[in-house]
Amino acid sequence: MRRIPWLLAALPLVFWAVLSGQNPQPPIHFTYKPIDFKLDSSETPQRHAPETMAGGVALFDYNNDGYLDIYFTNGADIATLKKSAPKYSNRLFENDGHGNFKDVTEKAGLAGAGFDNGIAIGDYDNDGYKDIFVGGVHENRLYHNNGNGTFTDVTVKAGLNQPDKQYGPLWSVGGAWLDVNNDGLLDLFVVNYLAWDFKSEPSCEAAPGKLDYCHPKFYKGTPNQLFLNQGNGTFKDISAECGIRAHPGKGMGLAVADFDLDGWMDIFVANDKVYNSYFHNKGRGKFEETSFEAGLALTEAGQFISGMGVDARDLDNDGLPDIVFVALENETFPVFRNLGKGAFADITEKSGMARLSVPMAGYSPTIADFDNDGWKDIFVSRGHVQSLGYASSVPVEQPNTVFRNLGAARFQALTAEAGLTAQSPSRHRGSAVGDLNGDGRPDVVVTALAAPAEVWLNDSPGGNHWIEFALEGSKSNRDGIGARLKVVAGGITQYNHVSFAAGYASSSAGPTHFGLGSSKAADLVEIRWPSGIVQELRNVAADRILKVQEPVK
């Protein structure tokens, strides 16, 4: 009986094979490409918590040459939290436009200094060059893009690294840039995890005499932070006055979107073994925590789960951003359908995701239309939180999986079929998505503990068409973060929004992507800018990146 759901999930491939008389060709497929980076989290036999949580990655065009580059965070000596050896260096790789990468870290000045976790990309000063926030253990960094291939550490000037008076130094797993008050300036939301101290950390045994990473219940939670952009290179911590500080958690991932379409960007935080947080933006930088009212505090089963990375996009093409996050085995990968007006429904079972993901441990979900059929799919980097010696009913090292959207948020899991077993299973962590070689198919970059990073080039068959939008705000923020897009093509209406936060500790800062299926043009494109301006384009040719500037009215 257990095999019946698997057969049902495989039926689309089976029918295709029968009709064509050939072996079924997977609708989504990736080819592995190595890259010269290995994540080193200073893993020790004592199993200090940060050792298993490293691994953010970002895709963004750092030098404005039109190609997405790759930036990896890396660990440090766990006792000192300093990068005491070259093996701990963060790494920036420049893309030549064909999916080949050159290490330019030293020239760029981005090697880092501490135990770094997450990345948030955004042009905070609206100068046309994307800047980098790096969240880490007890230390964060802000790197200003100088526009000449180099970056300057402006953390002190910006005021982003002050110890919390109540909680002490915080451990950030990343953040997101968003304009919380629609003033045209990107503000910064920082996700903080556990209250951790090297000297007083608890010891936990997975078996007699064998230490492993402790359950989150042994640590106190910490508050997230919101920094308001002052427009002069500095930021003001408004966490308390905006209503966010009053709700500490154990944040592992976040998604930002205007979930209720009221014109203000909201924030969802997936927490580890405590209630999730949903910060509804009431306007002008004021938030209310409404996770219970929204139906997002817990999954439908009403149990605390190991909430990891998050992404939010419209999975059923109804115009409302839905939420996906991942967890460990037997917890499933929850899918929440946006019902509108601040309410969500857990459709994990209905979508097929419960059955497909129950034996899996996931870290970083990223949503994109990988086969360009007009329905957004979900790529999940997989691997257990525990160490390699952990005794479990599932492997600690796992392959990655892509969940193909069969339409209206019904999913089919593809792992070996998608080519994702071409590389050995690992304890995968962060992931970011974007078109690395200009062929219109979203690729994925994934990190893994004590293992080489993975570049997965999307070579899915089918020849479906696509279009991407690189927005440039004039009255809104320069990146267009918060803009909502509607595309009508071939009888399908799709929606997406501009947000670079994705997955676990990562950032996907490329143009906003749409798959168009067999359509060679989009009949209608509607862009709703954060400023409130609505822009329409008609009969837009496919298979290109379209640069769109916000009209000035």
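Two strands count as paired when DSSP finds at least two bridges between them. That rule underlies the strand partners named in this report on a predicted model.

## The sheet around strand 25

Four strands, in the order 24-25-26-27, make up an open sheet with antiparallel pairing. Strand 24 (362-368) and strand 27 (411-414) are its edge strands, and each pairs on one side only. On average, neighbouring strands here are turned by 20 degrees against each other, direction ignored.

Strand 25 (residues 377-382) pairs with strand 26 (residues 401-405) in the antiparallel sense, over 3 bridges. Isoleucine 378 has phenylalanine 403 as its bridge partner in strand 26. Valine 380 has threonine 401 as its bridge partner in that strand. Towards strand 24, strand 25 pairs over 6 bridges, again in the antiparallel sense. There isoleucine 378 of strand 25 stands opposite isoleucine 367.

How much of strand 25 is buried? The count is 6 of the 6 residues, so strand 25 is largely enclosed by the rest of the structure. In a regular strand, side chains alternate between the two faces of the sheet. Both faces of strand 25 are covered. Asp377, Phe379 and Ser381 are buried on one side. Ile378, Val380 and Arg382 are buried on the other.

## A second open sheet

Another open sheet of 4 strands has the order 33-32-37-38, with antiparallel pairing. Strand 33 and strand 38 (534-541) stand at its edges. Each has a single partner strand, so one side of each is left without a neighbour in the sheet. Neighbouring strands of this sheet are turned by 20 degrees against each other on average, direction ignored.

Strand 37 (residues 521-528) and strand 38 run antiparallel and are joined by 7 bridges. Within this pairing, leucine 524 has arginine 538 of strand 38 as its bridge partner.

## Two buried residues

Aspartate 322 belongs to strand 21 (residues 322-325). Is aspartate 322 buried or exposed? Its relative accessibility is 2%. Buried means under 20%, so aspartate 322 counts as buried. Leaving out residues up to four places away in sequence, aspartate 322 touches Asp311, Ala312, Arg313, Asp314, Leu315, Asp316, Phe336, Arg337 and Asn338. Phenylalanine 259 is 63 residues from aspartate 322 in sequence, yet their C-alpha atoms are 8.0 Å apart in space.

Threonine 299 sits in the loop between helix 5 (291-294) and strand 20 (310-313). With a relative accessible area of 14%, threonine 299 is buried as well. Beyond its neighbours within four places in sequence, threonine 299 is in contact with Ile305, Pro334, Phe336 and Asp346. Phe336 is thus listed for threonine 299 and for aspartate 322.

## Cavities

Rolling a probe the size of a water molecule over the atoms shows where empty space is left. In this structure there are 5 cavities of 30 Å³ or more. The two largest compare as follows.

| Cavity | Volume | Lining residues | Lining by class |
|---|---|---|---|
| Largest | about 310 Å³ | 23 residues | 9 nonpolar, 8 polar, 6 charged |
| Second largest | about 70 Å³ | 14 residues | 9 nonpolar, 5 polar, no charged |

Which residues are closest to the centre of the largest cavity? They are Arg313, Val433, Pro511, Thr512 and His513. Five strands each supply at least two residues of that lining: strand 20, strand 24, strand 28 (428-434), strand 33 (492-497) and strand 36 (512-517). Strand 24 is also an edge strand of the sheet described at the start, and strand 33 is an edge strand of the second sheet. Arg313, one of the residues closest to the centre of the largest cavity, is also touched by aspartate 322.

In the second largest cavity, Gly175, Leu254, Gly503, Ala505 and Ser506 lie nearest the centre. Strand 10 (172-178), strand 16 (251-257) and strand 34 (501-502) are the elements that give two or more residues to the lining of this cavity. Its lining has no charged residues, whereas the lining of the largest cavity has 6.

Methods:
Residues numbered from 1 in each chain as written. Predicted model: local features only at pLDDT ≥ 70, side-chain atom pairs only at ≥ 80, totals over all residues. Heavy atoms only, no water. Buried < 20%, exposed > 50% of the residue type's maximum accessible area, 1.4 Å probe, protein only. Contact = heavy atoms within 4.5 Å. Axes fitted to C-alpha atoms, helices over the stretch in contact; angles between N-to-C directions. 1 Å grid on protein atoms, 1.4 Å probe; cavity = no way out; pocket = protein on both sides within 12 Å on 5 of 7 lines; lining within 4 Å. Points joined across faces, edges and corners; volume = space filled by probe spheres on them. Nonpolar A, V, L, I, M, F, W, Y, C, P; charged D, E, K, R; others polar.
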